[in-house]
Amino acid sequence: MKKLNQILQSNYFYILLIIISAFYIYLNYSKKSVLDINTKEFKGIIEYYKIDGDKLTLQVKGKERIIANYYIKSKKEKLTLNDKLSIGASIKLIGNFEYPSKNTIFNNFNYKKYLKSKKIYLIMNTNKLNFKKTNNIFYNLKNKLIKIITTKKNKEYFYTFILGNKDYLEKNVYDAFKVNNITHLFAISGMHISMLVLILKKMKFNNFFIIIFLYIYSFLVMFTPSVLRVTIFYTLKSIPIVKDISNNKLLLFTAFILIILNPFIIFDIGFQYSFIITYGLFLLKPQNMINISIYSFLLSLPISLLNNFEFNIFSILNNILIVPFVSIVLYPLLLLTFIMPFIEPILSVVIFILENFNLFLEKYALIITTGKLNILFVIIYYLIIWVYSKNKNKLFILTLIFIILINKFIFLLDSNSYVYYLDVSQGDSSIMITPYQKEIIMIDTGGTLNLKKEKWQRRNGNYRKITNIILFLKSKGITKINKLIITHGDYDHMGEAINLVNNFRVEKVIFNCGEFNDLEQDLIKVLDKKKIKYYSCIKKLNIDNNKLYFLNNKDYGNENDNSSVIYTELNNYKFLFMGDAGVEVEEDLIDKYNLKDIDVLKVGHHGSKTSSSKEFIDEINPKYSIISVGINNRYGHPNDNVLYNLENSIIYRTDQDGSIMFKINKEELKIETCTP
């Protein structure tokens with residue numbers, strides 16, 4: 001026993017655990033589904049479900065865990081599902097499997113990786129389902145809790161803090177918490193579990209009962225990493241032979257156990273937050289709530305920046321103000337209200353204060369966009385924290401912030417030019433970045449036009465849209481768009497324009513020739529309010545040491561043919577953007593200009609048969625052709641004849657290749673795709 005204790009105390013033992021963990025993750029990294037993707041039927045147990053408008057999302061555990069999506073056909077069926085669905089129910093699904101897709105815009109949320117962190121490899125698009133309720137005592141306990149919570153006035157907070165489900169929070173409120181960098185408060189954390197354990201100890205429950213309670217609670221919250229961490233840690237701490245081991249070593253042992261259970265848990269952001277913050281707090285040994293708030297923010301900052309690319313400079317203050325309020329006031333009050341419902345009016349007042357104070361803080365947020373953190377800076381950042389834990393220097397916080405800000409200026413040292421053709425589904429959006437980010441030019445914004453639906457079909461849309469394009473720009477450290485060019489006024493080319501203007505500083509907006517339609521007029525109202533200059537039907541635009549030439553200045557009487565056609569050269573590489581211009585415009589361009597040997601063509605009108613005539617393509621002879629088109633779009637784009645006309649060109653399609661990047665310097669043109 002003494003020998004075992006010595007091993008558990010040894011630093012070499014934990015180095016070995018880290019090596020074994022890394023090797024185990026490597027061995028399992030390429031693991032795939034055991035199911036045949038052509039299987040049409042799947043049976044399992046419902047672990048989670050959510051109805052949002054006309055969409056039902058299920059997490060089902062059978063031979064393996066899957067996600068199933070089902071579109072509800074009527075209001076009556078929705079009411080029936082709401083009434084009869086339950087956690088733990090046995091379910092039979094009929095449908096088609098598909099692999100989850102990766103992000104198709106650089107540096108965006110990777111859904112495939114997210115599902116992999118939960119050991120989910122397949123999605124089923126379901127057209128038929130049958131289920132029956134469970135008799136399992138634990139599932140029935142969870143269903144009972146859900147039933148009680150749904151009757152609460154503040155059910156979204158009970159879902160969040162008792163069942164660990166943030167899906168029911170109003171998204172505009174949650175977005176405000178996100179801006180203020182305090183969303184970590186809405187994960188069930190070690191602090192919350194510690195409070196529960198303290199309450200149970202005060203009630204004279206012994207360790208065995210507490211451990212049983214923690215495992216049951218872990219089940220109720222679907223074994224979220226933060227709760228599972230506390231549960232396993234507390235279990236280990238209760239074993240006599242390991243009670244003298246330091247908290248940091250015990251935490252590493254806990255991480256090792258979780259990785260053996262699920263090697264992909266390291267991709268889970270909750271796991272990353274939970275372990276890094278906890279390990280750091282054990283290392284730094286904060287003496288009070290203020291220090292806990294400051295250290296927690298600093299420890300979590302790199303993870304936030306790796307995913308969101310920005311932070312609020314007042315975040316430390318926000319954490320000092322709100323963390324104690326949530327931990328000492330809101331959370332205990334939620335537990336009391338769950339037991340004593342008659343005090344819920346007091347809870348409502350507390351939530352009202354919290355939400356309005358949060359919105360007030362958001363109003364005065366000072367956002368610093370850093371871009372995607374370089375992994376080297378992440379390592380240096382945490383090394384500084386480790387050094388500080390050994391020798392506490394007062395310059396600690398300033399040094400960390402300085403490291404973060406250095407990362408921001410890396411983008412400004414890049415001497416290459418870039419052209420990105422972004423996958424915005426059935427739409428267009430391109431971004432040009434000149435050397436040292438002197439000029440950011442955006443040509444079209446994309447925009448998905450939502451079909452009109454009945455009230456019961458509408459999904460929760462009460463939130464500020466942070467789109468994939470916005471995340472991409474922030475990941476590149478971009479806070480200003482010098483020129484926003486709207487090739488024409490169709491929604492799939494300018495639908496996100498107002499959203500972009502509201503999220504970035506925009507210097508100038510350029511419209512095409514012809515009258516302004518309703519969409520363009522709506523944008524102009526916002527531009528006037530923000531005092532942003534705008535122009536239309538111009539012929540030339542200076543960018544850095546270069547020019548953009550607008551080749552189409554004729555009014556053809558329709559939006560598509562009125563599209564701005566833009567030509568430019570970057571380090572002697574020729575780029576042509578056709579908007580939605582048709583064959584008549586192409587004929588005029590051939591007559592008017594000498595457009596020989598174009599290097600990169602943005603194909604007109606998403607590869608429609610109305611554009612890209614053989615005569616035009618033969619004339620300009622593009623080396624690369626980019627077709628911006630949605631997967632399985634209802635228009636049948638791109639047209640087979642257009643693909644035939646482009647056969648001598650290297651074709652990239654956003655539905656197949658995702659976003660496409662051209663990196664241009666004096667020596668070469670490099671191409672990179674963000675394939676689904």
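In this predicted model, the lining of the second largest cavity is made up, by class, of two nonpolar, three polar and two charged residues.

## Cavities

The residues around that second largest cavity are Tyr421, Leu422, Asp428, Ser429, Ser430, Lys602 and Ser628, and the space inside the second largest cavity comes to about 30 Å³. The count of cavities of 30 Å³ or more is two, and the largest cavity holds about 40 Å³ of space. The wall of the largest cavity is formed by Asp428, Ser430, Ile443, Asp444, Thr487, Phe577, Gly579 and Lys602, a lining that divides into two nonpolar, three polar and three charged residues. Asp428, Ser430 and Lys602 appear in the linings of both cavities.

Two of the lining residues also belong to an aromatic cluster: Tyr421 and Phe577 join Phe575, Tyr624, Tyr652 and Phe662 in one such group.

## A nonpolar pocket

The second largest pocket, with about 560 Å³ of space, has a lining of another composition, since its residues divide into 17 nonpolar, no polar and no charged. Among these 17 lining residues, Leu196, Phe213, Leu335, Phe338 and Ile339 lie nearest the centre of the pocket. Helix 5, helix 8 (190-202), helix 9 and helix 14 are the elements that give two or more residues to this lining, and helix 14 gives the most, with five residues.

## Nonpolar cores

In soluble globular proteins, nonpolar side chains tend to be buried together. Here the largest nonpolar core has 68 residues, of which Leu56, Leu58, Leu93, Tyr157, Ile193 and Leu330 touch the most other members. Helix 14 (residues 315-339) supplies the largest share of this core, eight residues. For isoleucine 193, the contacts beyond its neighbours within four places in sequence are Ile188, Leu214, Tyr217, Val227 and Val230. A second, separate core has 33 residues, including Phe106, Ile478, Ile481 and Phe511.

Ile481, a member of that second core, is also one of the contacts of valine 506, which, with neighbours within four places in sequence left aside, touches Ile481, Leu484, Val501 and Ile532. Valine 506 lies in strand 12 (residues 505-511), and it counts as buried because its relative accessibility of 8% is under the 20% cut-off. Valine 506 and isoleucine 532 are 26 residues apart in sequence, while their C-alpha atoms are 7.0 Å apart in space.

## Aromatic pairs

A pair of aromatic rings is described by the distance of the centres and the angle of the planes. The structure holds 33 aromatic pairs. One of them, formed by phenylalanine 138 and phenylalanine 219, is edge-to-face, at 6.1 Å centre to centre and 70° between the planes. This pair links distant parts of the chain, with phenylalanine 138 in helix 5 (residues 137-150) and phenylalanine 219 in helix 9 (residues 207-220), 81 residues apart. Phenylalanine 138 counts as partly exposed, at 40% relative accessibility.

The rings of phenylalanine 205 and phenylalanine 209 are stacked, because their planes stand at 15°, under the 30 degrees required, with the centres 4.3 Å apart. Phenylalanine 205 is partly exposed with a relative accessible area of 31%, and phenylalanine 209 is likewise partly exposed, with 37%.

## Helix 7 and backbone details

The buried residues of helix 7 (residues 171-179) are Val173, Asp175, Ala176, Phe177 and Val179. These buried residues pack against helix 6 (155-162), strand 6 (310-312), helix 15 (344-363) and strand 7 (367-369). Asparagine 181, which follows helix 7, has a positive phi near 55°.

Two loop residues with positive phi are set out below.

| Residue | Phi | Loop between | Relative accessibility |
|---|---|---|---|
| Glutamine 437 | near 50° | strand 9 (430-433) and strand 10 (440-443) | 18%, buried |
| Histidine 606 | about 60° | strand 18 (600-602) and helix 23 (614-620) | 1%, buried |

Neither glutamine 437 nor histidine 606 is a glycine. A further backbone detail is the peptide bond from histidine 637 to proline 638, which is cis with omega near -5°. Proline 638 lies in the loop between strand 19 (624-627) and helix 24 (640-645).

Technical notes:
Residues numbered from 1 in each chain as written. Predicted model: local features only at pLDDT ≥ 70, side-chain atom pairs only at ≥ 80, totals over all residues. Heavy atoms only, no water. 1 Å grid on protein atoms, 1.4 Å probe; cavity = no way out; pocket = protein on both sides within 12 Å on 5 of 7 lines; lining within 4 Å. Points joined across faces, edges and corners; volume = space filled by probe spheres on them. Nonpolar A, V, L, I, M, F, W, Y, C, P; charged D, E, K, R; others polar. Core = buried A, V, L, I, M, F, W, Y, C linked by side-chain atoms within 4.5 Å. Buried < 20%, exposed > 50% of the residue type's maximum accessible area, 1.4 Å probe, protein only. Helix = DSSP H or I, 4+ residues; strand = E, 2+ residues; numbered from the N terminus. Contact = heavy atoms within 4.5 Å. Phe/Tyr/Trp six-rings, centres within 6.5 Å; stacked < 30°, edge-to-face > 60°.
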